[in-house]
Amino acid sequence: MDLRIPRIEIRRTSSDTQLDKVQGIKGASVYNIHGLAGSQGSLSIPPIHRDVPGYRGSNEFILSDDKKTTMDQLREIGPWCRRKYKSIFRKKILYKRVPVLSWLPKYNGEDAIGDLVAGFTVGLTVIPQALAYSSIAGLPAAYGLYGSFLGCFIYILLGSCKDVPMGPTAIASLLTFQVTNGIWQRAVLLCFLTGLVELLMGLFALGFLIDFVSGPVSSGFTSAAALIILSSQVKDLLGITAKGNTFVEQWQAILVDIHNTRLGDAVMGFTCIVVLLLMRLLPRVKFGPPEVEDQSLLQKIMNKTMWLVGTARNAIIVVVCGSIGAAFYNNGQMPFKMIGDVPKGLPSVQPPPFYVPEVKDANGTITQEYESFGDMLGSFGSMLIVIPLIALLEDVAICKAFANGKPVDATQELIAIGVSNIANSFVQGYPGTGALSRGAVNNASGVRTPFGGLYTGIIVILALLFFTPYFFYIPKAALAAIIIAAVIFMVEVRVVKPMWRSKKTDLIPGIAAFIACLALPIEYGILVGIGLNVVFILYHAARPKLHLDQLITPCGIKYLMLTPDRSLIFPSSDFVRNLINKHGLKNQTPVVIDCTHIYGADFTAAQVIDTLIKDFKMRNQMLLFLNLKPSVCNVFEGAELEYRVFYDIEQLEKAIQEIRRKSFQA
């Protein structure tokens with residue numbers, strides 16, 4: 001038994017010493033109550049109950065400290081600021097917040113080769129994905145490319161994970177569309193404000209907020225988002241016109257216009273899906289022995305070729321389908337809907353737009369109404385919080401997937417993706433983060449450091465400078481097929497079975513988030529899932545479990561030991577009182593509450609414990625406490641409770657025997 005109270009020294013009162021002499025009760029030193037040397041506070045041991053060799057609660061159990069005047073506190077502001085300045089601007093903090101300083105001095109030739117191969121491979125994946133994701137966001141194809149190069153460069157300096165490739169993602173594109181409705185000025189401003197929120201969250205170390213999004217809710221949201229993204233591409237797959245924000249709205253619009261399906265788009269789209277799914281299996285095909293060391297040179301080349309073809313499948317599909325589209329277009333036919341003109345060259349560097357201009361057609365009809373900055377900000381609403389959280393969730397998922405047990409700095413990732421999005425907004429990009437699919441390609445390609453993002457960004461720049469005229473011929477059905485073939489694997493059906501086996505109630509918030517995200521705007525669906533999680537947490541806090549033990553003292557007196565499994569707070573206090581009363585009435589033996597797991601209590605709980613003590617006193621039943629923490633003692637003392645607490649099981653059982661003997665004598 002060892003109760004340690006920091007910065008406190010023991011002061012025994014004369015009454016305590018006299019009681020010790022009269023009753024022969026052991027002093028405080030036997031209970032190992034110690035203070036630290038040089039302490040400035042004091043603690044008065046409460047008088048020991050005359051009948052029981054233990055401690056009885058009283059209001060003498062207080063902590064005191066020297067009070068400082070207002071002038072003394074004002075004088076300490078300057079030294080406090082200097083200490084904070086020194087603690088922030090340290091070499092360790094600088095290396096933590098600018099990770100490139102840690103790995104760049106150790107950079108070598110092997111790292112350069114690994115990053116070059118990985119950066120080039122990811123670049124082949126980024127270009128078709130960027131073109132496809134911009135259609136999910138409802139924006140022209142060029143905006144996907146605009147948001148795919150500058151963020152890669154920024155992440156090299158600030159990113160803490162080598163596998164994260166910054167750029168547009170399917171989920172970020174979907175959220176962007178639901179907020180901006182395809183207006184590029186809104187999308188670019190959203191990118192700036194999202195980055196600003198992410199940066200502020202990082203500076204204030206708010207990365208812990210993603211802890212409120214549980215695994216089941218995340219799976220439900222991701223699965224629903226995948227189905228919504230898939231549904232948004234059906235219109236391009238069939239060559240029809242359909243609009244809608246939610247899953248239900250999209251399919252209603254698809255069913256209305258499905259009779260206008262274009263045969264050429266449908267054939268190309270479904271063919272591309274089948275080919276992409278087959279090409280996805282190519283990296284699993286191995287020639288020769290399973291061990292690389294035992295393979296011949298030809299077998300190694302063939303295996304590497306299969307891996308490269310499977311990894312670059314999106315780029316291959318875009319090139320092949322673009323060539324087919326160009327061949328038909330040059331012959332005067334156009335059996336496919338194509339993405340159209342993509343502006344050549346890099347975007348102009350300019351501040352994000354803070355208003356939406358009014359646009360009129362040739363007849364003078366207003367096709368786009370003017371919106372002020374306030375109007376745009378109002379239309380963003382809660383998405384300014386939801387998008388940064390989801391972006392962090394995607395980014396941290398990549399970091400954890402390839403961290404190999406190393407800790408992930410969510411705060412640093414917030415800073416990195418925040419600054420990247422702010423920079424992207426100045427080149428007309430829309431919100432992005434790390435994409436798990438590209439992260440897997442990056443890792444499989446042997447990336448060594450975040451420097452691989454340099455080559456990815458350069459490839460995107462080269463595409464904007466030299467290849468945009470050829471993007472005109474890419475069929476929309478091919479891009480839709482690329483997205484559909486990717487997002488169908490985001491539907492996390494595989495987690496349902498282990499979740500059912502592990503804890504069935506976890507399925508409730510997951511399924512609720514899934515259904516709500518499909519039926520409602522996606523931000524409301526996430527809130528539904530998080531809200532249900534909070535309800536479950538509060539329910540468990542309000543319904544602690546009590547472990548029950550029937551024990552016997554050395555003299556044969558039976559008593560009941562009840563052990564709550566968590567702290568006492570106001571939602572659970574009445575429930576605990578009723579349980580203890582129930583077991584006390586049922587057994588009619590002395591009851592001991594083992595407070596080993598009670599690390600905190602509040603005033604409401606203290607009041608309920610006071611009532612509980614009175615309940616036991618009214619029926620002349622013994623109620624004792626064991627191993628009560630000092631912090632809980634403070635709460636009980638402040639509420640002026642009369643209670644008996646012990647820190648040794650032998651002393652406790654002696655007290656039970658003594659009280660029982662005196663009750664029989666009476």
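## Helix 15: length and burial

In this predicted model, helix 15 covers residues 313–330, and at 1.5 Å a residue its 18 residues should span 26 Å; because the C-alpha atoms at its two ends lie 26 Å apart, the expected and computed spans agree.

Along helix 15, the buried residues are Arg313, Asn314, Ala315, Ile317, Val318, Cys321, Gly322, Gly325 and Ala326. The cover over these buried residues includes helix 6 (109–136) and helix 13 (263–280), together with helix 14 (297–311) and helix 21 (476–487). Just after helix 15 comes Gly332, which adopts a positive phi of about 85°.

## Cavities in the whole structure

When the whole structure is searched, three cavities of 30 Å³ or more are found. The second largest cavity, described below, has a volume of about 90 Å³.

## Lining of the second largest cavity

The second largest cavity is lined by Cys152, Tyr155, Lys162, Val164, Pro165 and Met166, and, from later in the numbering, by Asn442, Thr449, Pro450, Gly452, Gly453 and Thr456. Two or more residues of this lining come from each of helix 8 (150–158) and helix 20 (452–471), and helix 20 is the element that gives the most, with three residues.

In chemical character, the lining of the second largest cavity divides into six nonpolar residues, five polar residues and one charged residue.

Definitions and conventions: Residues numbered from 1 in each chain as written. Predicted model: local features only at pLDDT ≥ 70, side-chain atom pairs only at ≥ 80, totals over all residues. Heavy atoms only, no water. Helix = DSSP H or I, 4+ residues; strand = E, 2+ residues; numbered from the N terminus. Expected span 1.5 Å × (residues − 1). Buried < 20%, exposed > 50% of the residue type's maximum accessible area, 1.4 Å probe, protein only. Contact = heavy atoms within 4.5 Å. 1 Å grid on protein atoms, 1.4 Å probe; cavity = no way out; pocket = protein on both sides within 12 Å on 5 of 7 lines; lining within 4 Å. Points joined across faces, edges and corners; volume = space filled by probe spheres on them. Nonpolar A, V, L, I, M, F, W, Y, C, P; charged D, E, K, R; others polar.
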